[in-house]
Each structure stands twice: as structure tokens, then as C-alpha cells.
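Good morning, and thank you for making time for this presentation. I should like to take you through one model, beginning with a single contact site and then moving outward.

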Amino acid sequence: MYQKIPVTILTGYLGSGKTTLLNKILSEEHGKRIAVIENEYGEVGIDQGLVINADEEVFEMSNGCICCTVRGDLIRVLGNLMKRRDKFDYVLVETTGLADPGPVAQTFFMDDEIRDEFTLDGIVTLIDAAHIDQQLERSNESSEQVAFADVLILNKSDLVPEQSLVKLESRLRDMNTMARVVRSTQAEVPVETVLNLSAFDLDQILERRPTFLEPEYPFEWTGVYQLDPGNYQMTLEDGPDPEMSLVAIPGQKADEDALKQSAEQCVRLFAQAAQSLKPGDSIAANQHLSLELESKGAKSFLFDVKNEETIGFYAQHTAEEFDLKIIKAGQAVSPIKERVWVAEHEHDDEVGSIAIERQGNVDPEKLNQWIGTLLAEKGVDIFRTKGFISYKNESRRVVFQGVHMFFTAKPGQEWGDAPRCNQLVFIGRNLDEAQMRKDFDECLI
Amino acid sequence: MPDLKTFAPQGMLHEGWTAQVDDYALACGWTGNGDNLLVGDVAGGLSLFDGKTGALIWAKNNIHQGGLLALAIHPKGDRFATSGQDGCVLIWDSQQGEILHSIKPGRGWVEHLAWSGSGDMLAVAASKNVHIYHPDGVEQWCTEEHPSTVSSIAWSKPDELASACYGKVSFFDTARQQVSQELKWQGSLVSMVLSPGGDIVACGSQDNSVHFWRRSTGKDAEMTGYPGKPSQLAFDQSGQFLATGGSDQIIVWNFQGDGPEGSLPGQLVLHPEPVSTLAFAHEGRILASGARDGSVFVWLLDHNGDGNPLGGAFTAEKISAVCWKPDDTALAAIDSNGRVSVWPFKIRG
């Protein structure tokens with residue numbers, strides 16, 4: 001069979017270590033003959049024969065559609081390289097720090113001649129762990145490089161404390177659930193984590209399932225209180241929201257396992273409609289409550305404790321934000337345990353991922369119509385799409401992937417006895433998650 | 001895989017000679033008075049063959065480090081120019097295969113070469129610049145930097161050069177050394193061809209369309225709907241027909257009268273795979289075409305631009321170029337496997 005030549009794209013800000021990684025790959029992969037297309041003329045040279053320098057040229061089409069924008073330099077250089085395909089068997093493209101990965105990826109779908117000869121293997125984004133936070137605040141390119149990536153390499157991770165790395169990883173996963181996050185120092189990563197990923201190969205999507213790692217909770221804070229019998233009030237000062245969701249779990253133990261177990265129970269409760277409480281109302285246990293906090297000044301909600309027990313309060317916001325206190329006879333009671341959770345939209349990044357996971361089958365017609373409309377209307381904001389779905393009359397999984405408006409789908413593995421389910425991941429900017437979930441649910445049979 | 005044999009040529013294409021060069025054959029042209037065929041390959045090999053017998057006259061290797069990108073034969077046929085990834089332009093003596101002049105215009109690849117009609121000037125496109133040289137290698141002029149890499153150059157008049165790049169076609173008065181006209185278009189122009197009179201300029205565009213302008217009236221139009229990128233373009237000698245690739249069909253636009261706007265183009269359908277090269281004969285409405293599968297056809301066009309095949313041949317590999325002998329008595333074809341084929345073109349019998 002005619003083998004297309006795989007291409008890996010290396011993106012990342014200037015100083016993130018792209019050239020270091022490139023040189024490492026070239027020095028380790030003696031067996032492979034790698035052609036390098038370099039947009040970045042860095043201070044570090046590349047030690048290899050087949051290096052082509054090309055200025056980045058972004059070509060928009062006359063229709064003005066961003067999704068049709070391609071990289072003219074790549075078309076030109078790859079067009080020449082494909083005439084010498086016996087001389088190399090892999091291509092690496094090192095983009096500039098400010099490159100928008102969209103046109104780079106689209107080039108491999110838009111241009112018929114490039115599409116016939118080359119296959120986009122994966123997009124690897126290098127991240128300077130010490131500076132990425134500021135870069136993400138300042139530049140769209142930086143967040144798009146994260147959004148498009150199949151692999152995120154958290155480079156220079158030795159320069160950053162563990163706690164910040166964990167936070168950063170969580171932020172990156174929020175933006176792109178699809179990507180594998182790898183830590184490194186001096187771009188030291190195993191070559192197989194960046195080459196031959198077949199990330200755009202539909203057959204591989206099932207094996208490289210998107211990971212839904214750390215769940216995101218609808219609450220940010222839990223406080224566990226050891227309480228004697230008596231009348232209590234929960235007081236809140238003015239805070240950022242006119243209301244706050246709350247669940248009280250009696251008998252809450254303070255160890256991590258018990259907290260997580262109750263957290264899952266609370267997720268279910270939070271999914272149910274909330275009962276509104278006005279200041280002065282009583283707090284009921286094991287129920288989704290919404291505290292009305294519109295009025296100015298301190299607000300109190302009441303509850304009684306009959307026998308000595310521990311109670312866990314799972315709140316939408318941290319206690320700090322509203323200066324939440326539990327008071328008995330004018331005395332504030334301190335919690336025996338506080339726990340802060342990774343909450344949804346913690347970072348408020350414009351770029352984010354939406355992962356939809358649902359059991360059952362979808363209606364092909366409805367789904368096609370939905371995806372078609374979605375990509376036509378929001379294609380500019382949806383960077384990547386990946387996943388698989390189940391049709392009732394199809395014995396195989398239907399696998400798909402897309403870049404902006406380009407979308408390919410084909411049958412994959414047989415379902416066999418496995419329960420039918422659907423998994424979709426969208427990575428994009430300012431996506432309306434609730435609407436998309438609702439629309440998808442309407443496609444379910 | 002069974003050894004794919006080439007088919008015997010059919011119709012007006014007759015058995016001629018074949019030869020082999022070392023790598024992907026990139027460009028070819030007839031030198032002298034059309035006596036010999038010069039072939040360049042991507043690795044930077046050059047071979048001159050006797051046009052009648054196919055005997056090798058001379059061969060050179062690795063003339064451009066990194067590979068050959070362009071080859072242009074002087075209108076008189078006694079010299080030619082080559083350029084490559086090494087950023088160099090070489091001017092050669094055809095008969096002996098000796099380098100007469102070596103030029104280094106800039107840093108980047110030199111992708112396009114074009115001799116003026118009289119052969120007094122050689123235009124060289126090196127990344128974003130176009131340089132004009134005398135045949136002795138002395139630079140006469142260099143245009144200002146284009147907004148992107150120049151994708152095509154062609155002489156529109158004896159002293160006027162056209163260039164295409166992303167967003168526009170520019171015309172340069174090389175005598176006065178200034179821009180004489182600019183035709184702007186928001187799109188990536190990947191190829192360009194001028195009608196023999198120079199009035200019509202047609203460009204293949206990255207968005208699978210052909211855009212053309214009539215310089216005299218300033219009117220332009222866009223022909224859309226190509227399944228692929230129509231990089232292959234050819235005008236016939238009368239300037240009436242523009243043949244375009246972009247798929248396995250050849251689409252022929254007729255510029256006579258009010259056309260081609262609003263008119264139906266001619267369609268030449270026989271190639272099993274997308275067309276890779278097009279060339280009109282020096283006289284008459286005769287078009288040669290080659291495709292990615294190695295098929296070559298010669299067509300006779302009717303007054304609408306539709307046509308019938310006059311002959312066909314097959315080399316089994318992607319045809320990179322077809323080239324008519326100056327007197328149109330033979331057609332040369334080169335392919336991606338380095339095969340060189342020359343078929344006499346005449347009425348059978």
C-alpha cells in the first residue's frame with residue numbers, strides 16, 4: 001500500500017524549547033530520515049542535513065473563511081519535498097512562536113496534492129512551565145497552540161514548584177482534555193511520545209480515548225463541622241453571586257475517601273432542581289438548596305442539631321468568598337476539615353474542552369444535522385473535534401475527527417457485546433457547553 | 001507487483017525512443033534548433049539526449065546542492081538556465097554542457113526562471129524578489145519585495161514581466177524599472193499563464209478556482225467549481241483557448257466573443273487520474289496533456305473547446321511535463337520515475 005509521509009508539527013512560544021526537542025529527536029532517531037521545515041530562525045542551529053528554512057506565509061481565501069486559511073510556505077516546500085520522497089520518511093515542522101496552528105493543520109486537509117502525499121501525524125506543543133500562565137493571558141496564539149495539541153510538553157518543569165505544576169496541568173486539561181500532558185526538563189521526553197502518534201488517524205482514536213481524568217465538581221468548597229446539640233445559624237456576608245448552591249450531608253467523616261464519596265453523592269444532588277431558601281429559612285439535609293443572597297449585609301440560615309454529630313457543607317463557592325460562618329449562641333465554630341475542589345471553569349479561559357459521554361444510540365439524521373449546523377455556525381471557534389458514536393444499525397463504532405469545519409467520519413471497531421455509548425470531545429473558544437450537551441442529548445434515541 | 005509495461009503509443013503518437021534519468025524528472029526542453037532534448041531531475045542531474053535517437057550526448061550530476069527547482073531554455077536554444085534549492089542560478093552552454101555564468105540572487109530557493117521573448121533578459125524569482133539579468137549574468141534590476149513568495153513569472157511583452165503571488169499579479173516595466181500595473185485579488189495565486197498577446201492573465205488559485213483578468217478592459221472573472229487546485233494552465237497560440245487542470249478532466253475556456261463568462265467550457269475526459277501537465281502545440285488547436293497515472297493524450301479541439309483525442313501513450317508514472325518539439329513533429333514526456341519518452345507525432349501510415 002502507498003504510505004503517506006507522516007508530519008509532526010512542533011509549536012510553542014519562543015524559548016519553550018522547540019529547537020532543543022527537535023535536535024534531540026534528530027539525534028536519537030538515527031533510523032529515520034527526517035526532513036525539517038523550520039519557520040523559526042532561532043539562535044540554536046539544527047544539526048542535520050535536510051533542513052529547509054521557510055518564512056511563514058498564511059494564505060486566506062477569497063471567501064474570507066478562517067477555516068479555509070492555509071500555509072502557503074508548507075504547500076510550496078512539501079510540494080517540492082514530495083518529489084524527493086525516497087530521500088526521507090518523516091517531516092517535522094517547527095513553527096514560529098506566534099504561529100496559529102489552525103492553518104498549519106488545515107493545510108493537510110485543504111490542499112488536494114498535500115493530502116494525497118502527507119498525513120498529519122500530530123501536533124506537539126511545548127510549554128514553558130514558568131511563563132505559560134502569563135502567555136495564556138496575553139495571547140490568543142498561545143491558547144490556540146494548547147487547544148490544537150495532541151501532546152502538551154510541560155518543559156522547564158524543574159524551574160516550577162510541584163504545586164504550581166499541578167495547578168497548571170489542571171488548567172491545561174481544562175482547555176484541552178484530548179491532549180496528553182508530559183512533564184520535561186530541557187525537552188527530555190521519549191521520542192515515542194511525540195512521533196508516530198497517528199493522532200489524526202481515525203483508527204487510532206478509539207485506542208487513544210480522551211481521558212476524563214479529574215472530575216470537575218459543581219462545588220468549590222467543603223467544610224466539615226463537629227457540632228454539639230443546639231440551634232445553629234450559617235451566616236454569609238456579601239459575596240460575588242446573588243445566590244449560592246449548598247448541600248448539607250449529616251454524618252460526614254473528615255477523611256479523604258469519605259469526602260470523595262459524599263462529593264459524588266452531592267454531584268447527583270446538585271443535578272436536581274434546587275429548593276430556594278430565603279434568609280431565616282431552615283437548612284434541610286441531603287438536599288440541593290439555593291441560598292438567596294441578594295439582600296445587603298449579613299444573612300442567616302438556620303438548622304438544629306439534636307445529637308452530637310458531624311455535618312459536611314458542600315458549597316458552590318469557598319467559605320472565604322462570602323465569609324461563611326457557622327455560629328452557635330454568637331460563637332463561631334471552626335471546621336474540623338476544609339477541602340477545596342477543582343471546580344468547573346476554574347480559570348475562566350476562553351478556550352476550553354467539552355467532553356460529552358452518553359450511553360445508547362444516536363439518530364444518524366439528527367446527529368448529522370446537528371454537527372453540520374454546529375460546524376457551519378461555530379466552525380471558526382471549534383478548533384478540534386474527536387470521538388466516536390453508536391448508530392443502532394451499525395455494528396461498528398463510527399469514529400470521527402475534525403479541524404475547524406473539516407470533518408471526517410468512518411466505521412471503526414466492532415461493538416460486539418460492549419454496551420453502546422458515545423464519546424465526543426470539542427475543543428474551542430467560547431463554546432456554549434449547556435446548549436451543546438442539550439443538542440446532543442436530543443440526537444439520542 | 002507485476003512489472004507495469006508501458007503501452008505502445010496509439011493514434012498519431014508513434015513509437016519513438018525512451019531513456020532513463022537517475023531521479024524524478026522535473027523539467028525538460030528542446031535545445032539547439034529543436035535537435036536535442038534536455039532533461040533535469042529533482043536531485044540536480046542534467047541529461048542532454050539526441051532528439052532523434054535518444055542517444056545521451058552529455059550528463060551532469062548534482063548541479064544544485066539540495067536539488068533542482070527550475071530549468072529554462074533560451075529562445076535561441078544555444079544556452080539555458082537552471083536554478084535550485086542552493087539559491088543559485090546557472091547559465092549553461094547547451095551544446096557542451098558547460099557553465100557560462102553562476103549567479104546567487106539571494107538566500108532562499110530559486111523556484112522560477114523565464115527568458116524574455118528575445119532572450120535579452122532572464123527573469124529569476126527568488127523567494128519574494130524577482131531579479132532581471134542579462135544573459136551574461138549581470139543583474140539589470142531587482143523588483144521590490146513582494147508581499148509573499150513569488151509563485152509564477154512570465155513575460156507579457158518584450159520588456160514587461162508579470163509576477164504572481166498571494167494577493168496580486170504585478171506587471172513590471174523592465175526598461176523603466178517600475179511597476180506598470182497591479183491586479184489585486186484576495187487569494188493565493190499558485191500559477192499564472194498569459195495569453196500570447198499578453199492581454200489576458202489567468203491564475204490558478206489555491207481555493208480551487210481560476211481567476212483571470214483582461215488587461216485592456218480591466219474586467220476580471222472567477223471560474224469556480226474545480227474539485228482540485230487548477231495549477232496546470234495553458235493558452236493556445238491564438239489566445240482563444242485556456243486549458244486548465246485541477247481534476248481528471250481538462251476544462252477548456254473559450255475566450256472568443258463574450259466568453260468565457262457565462263459560457264459552458266469544453267471538457268476533455270479520458271485521463272483516469274488528475275491532470276498533472278498541459279501544453280499546446282506551437283500551431284493549431286492541438287493540446288497535449290499528462291496525468292498522475294502516467295497517461296498522455298493529444299487532443300484536437302473544435303471551435304468550442306471540446307475535442308477528440310488524436311493519440312495517446314502511457315508511462316505508468318506521474319507525468320511531470322510534456323513538451324512539444326519546436327516544429328510539432330514530436331512530443332516529449334518525462335515522469336516521476338525518471339523515464340523520458342519521445343513520440344513522433346504524425347498521421348499514421
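Which residues does Asp112(A) touch, not counting residues up to four places away in sequence? Before I answer, please bear in mind that this is a predicted model. The residues touched by Asp112(A) are Gly228(B), Lys229(B) and Arg292(B). Asp112(A) itself sits in helix H4 of chain A, which covers residues 112-117. Its relative accessibility is 10%, and since buried means under 20%, Asp112(A) counts as buried.

Let me stay with chain A and describe its division. Domain 1 takes in residues 5-200, domain 2 residues 221-340 and domain 3 residues 351-443. Taken over C-alpha atoms, the centres of domain 2 of chain A and domain 3 of chain A are separated by 38 Å.

Two helices of chain A deserve attention next. Helix H1 of chain A, residues 18-28, is mostly covered, with eight of its 11 residues buried. Those buried residues are Lys18(A), Thr19(A), Leu21(A), Leu22(A), Asn23(A), Lys24(A), Ile25(A) and Leu26(A). What do the buried residues of H1(A) pack against? Their partners are five elements of chain A: strand E1 (5-12), strand E2 (34-38), strand E6 (90-94), strand E7 (118-128) and strand E8 (151-155).

Helix H2 of chain A, residues 72-81, is also mostly covered, and here nine of the 10 residues are buried. Among them are Leu74(A), Ile75(A), Val77(A), Leu78(A) and Leu81(A), and the buried set includes Asp73(A) and Asn80(A) as well.

I turn now to the backbone. As a general matter, most residues other than glycine have a negative phi. Two residues of chain A depart from that pattern: phi of Gln186(A) is near 50°, and phi of Asn196(A) is near 55°. Where in chain A is Gln186(A) found? Gln186(A) lies in the loop between strand E9 (180-183) and helix H8 (202-205), and Asn196(A) is likewise in the loop between E9 and H8. Gln186(A) is exposed, at a relative accessible area of 62%, whereas Asn196(A), at 45%, is partly exposed.

That brings me to chain B. How many helices and strands does chain B have? The model gives chain B zero helices and 31 strands. The radius of gyration of chain B is 19 Å, close to the 20 Å that the globule rule gives for 349 residues, so chain B is as compact as a globular protein of that length. Along the principal axes, the C-alpha trace of chain B spans about 55 × 50 × 35 Å.

Of the 349 residues of chain B, 62% count as buried. Among contacts in chain B with a separation of 6 or more, 43% are due to residues 24 or more positions apart. The accessible surface of chain B comes to about 13,800 Å², and carbon and sulfur atoms account for 47% of that area. Chain B carries 23 positive and 38 negative charges, and the mean positions of the two sets are 1 Å apart.

One residue of chain B makes a suitable last example. Gly117(B) is placed in the loop between strand E11 (110-115) and strand E12 (122-126) of chain B. Is Gly117(B) buried or exposed? At 62% relative accessibility, Gly117(B) counts as exposed. In sequence, Gly117(B) and Asp159(B) are 42 residues apart, yet their C-alpha atoms are 8.8 Å apart in space.

Thank you for your attention.

Notes: Residues are numbered from 1 along each chain as its sequence is written. Chains are lettered from A and ligands numbered from 1 in the order in which they are written. This is a predicted model: local features need pLDDT of at least 70, side-chain atom pairs count only at pLDDT 80 or more; totals for chains, interfaces and linings use all residues. Side-chain values use heavy atoms; hydrogens and water are left out. Helices (H or I, at least four residues) and strands (E, at least two) are DSSP runs, numbered from the N terminus. The radius of gyration is taken over C-alpha atoms; the globule rule is 2.2 Å times the number of residues to the power 0.38. Buried means under 20% relative accessible area, exposed over 50%, partly exposed in between (1.4 Å probe, protein chains only). Contact means heavy atoms within 4.5 Å. Accessible areas come from the Shrake-Rupley method with a 1.4 Å probe; for residues, only the protein chains shown count as cover. Lys and Arg count as positive and Asp and Glu as negative; His and the chain ends are not counted. The place of a charge is taken as NZ of Lys, CZ of Arg, CG of Asp or CD of Glu. Domain bounds come from an automatic or database domain assignment.
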